[in-house]
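Here's a quick look at one helix and what it packs against. Have the structure open while you read.

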Amino acid sequence: MTDPRPDFMPDPAFLDGSTAAADWPLSHVRLQRDGRFPWLILIPRRAGLVELEDLTAVERTLLAEETVRAGRIVRALGAGRGRPVEKLNVAALGNVTRQLHQHVVGRRADDGLWPDPVWGRGAPHPLDEAGLRRDVEIVRAG
């Protein structure tokens, strides 16, 4: 696997709606600050990545493993908020932000947007400071 390059930076579009929560072997992990959904974003820490094919085979395997890890943490986030996750949505869209990234979102049949996608739908419900601290700690512990 190629080591993450020092010139990696998350696209500025991620900075407004999410908080840096952890760095894993491949991915920079961001917590989406939308209280409606437990939601992580994994951004492989290499500059210039756009598509999955830009990763090596080993890195694609690692991203898959980190996605599974993120799913477990998203379930823990939902439980910590008192709203257990019923379904995980995983997607790498890239229509707004070209930088390769993967969303892992916890969904419930009563989440207000079910069964529709969450992207660009409705106004986010900002997490308060205590909720944000709790969620970041859950991510770091996972």
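## Helix 3 and its surroundings

In helix 3, G131, L132, D135, V136 and V139 are buried (under 20% relative accessible area with a 1.4 Å probe, protein chains only; exposed means over 50%, and partly exposed is in between). They cover an arc of only 130 degrees around the axis (taken from the directions from the helix axis to the C-beta atoms), which puts them on the same side of helix 3. Flip to the other side of helix 3 and you'll find E129, R133, E137, R140 and A141 exposed.

A word on ground rules: this is a predicted model, so local features need pLDDT of at least 70 and side-chain atom pairs count only at pLDDT 80 or more, while totals for chains, interfaces and linings use all residues. Residues are numbered from 1 along each chain as its sequence is written, and side-chain values use heavy atoms, with hydrogens and water left out.

What do the buried residues of helix 3 pack against? These are the partners, with helices (H or I, at least four residues) and strands (E, at least two) being DSSP runs numbered from the N terminus:

| Element | Residues |
|---|---|
| strand 1 | 18–23 |
| strand 2 | 27–32 |
| strand 3 | 39–44 |
| helix 2 | 57–80 |

The largest nonpolar core (buried Ala, Val, Leu, Ile, Met, Phe, Trp, Tyr and Cys residues joined through side-chain atoms within 4.5 Å) has 22 residues, and V139 is among those with the most contacts inside it. Helix 2 gives the largest share of this core, five residues. As for V139, it touches A21, A22, V29, L40, I73 and L77 (heavy atoms within 4.5 Å), not counting residues up to four places away in sequence.
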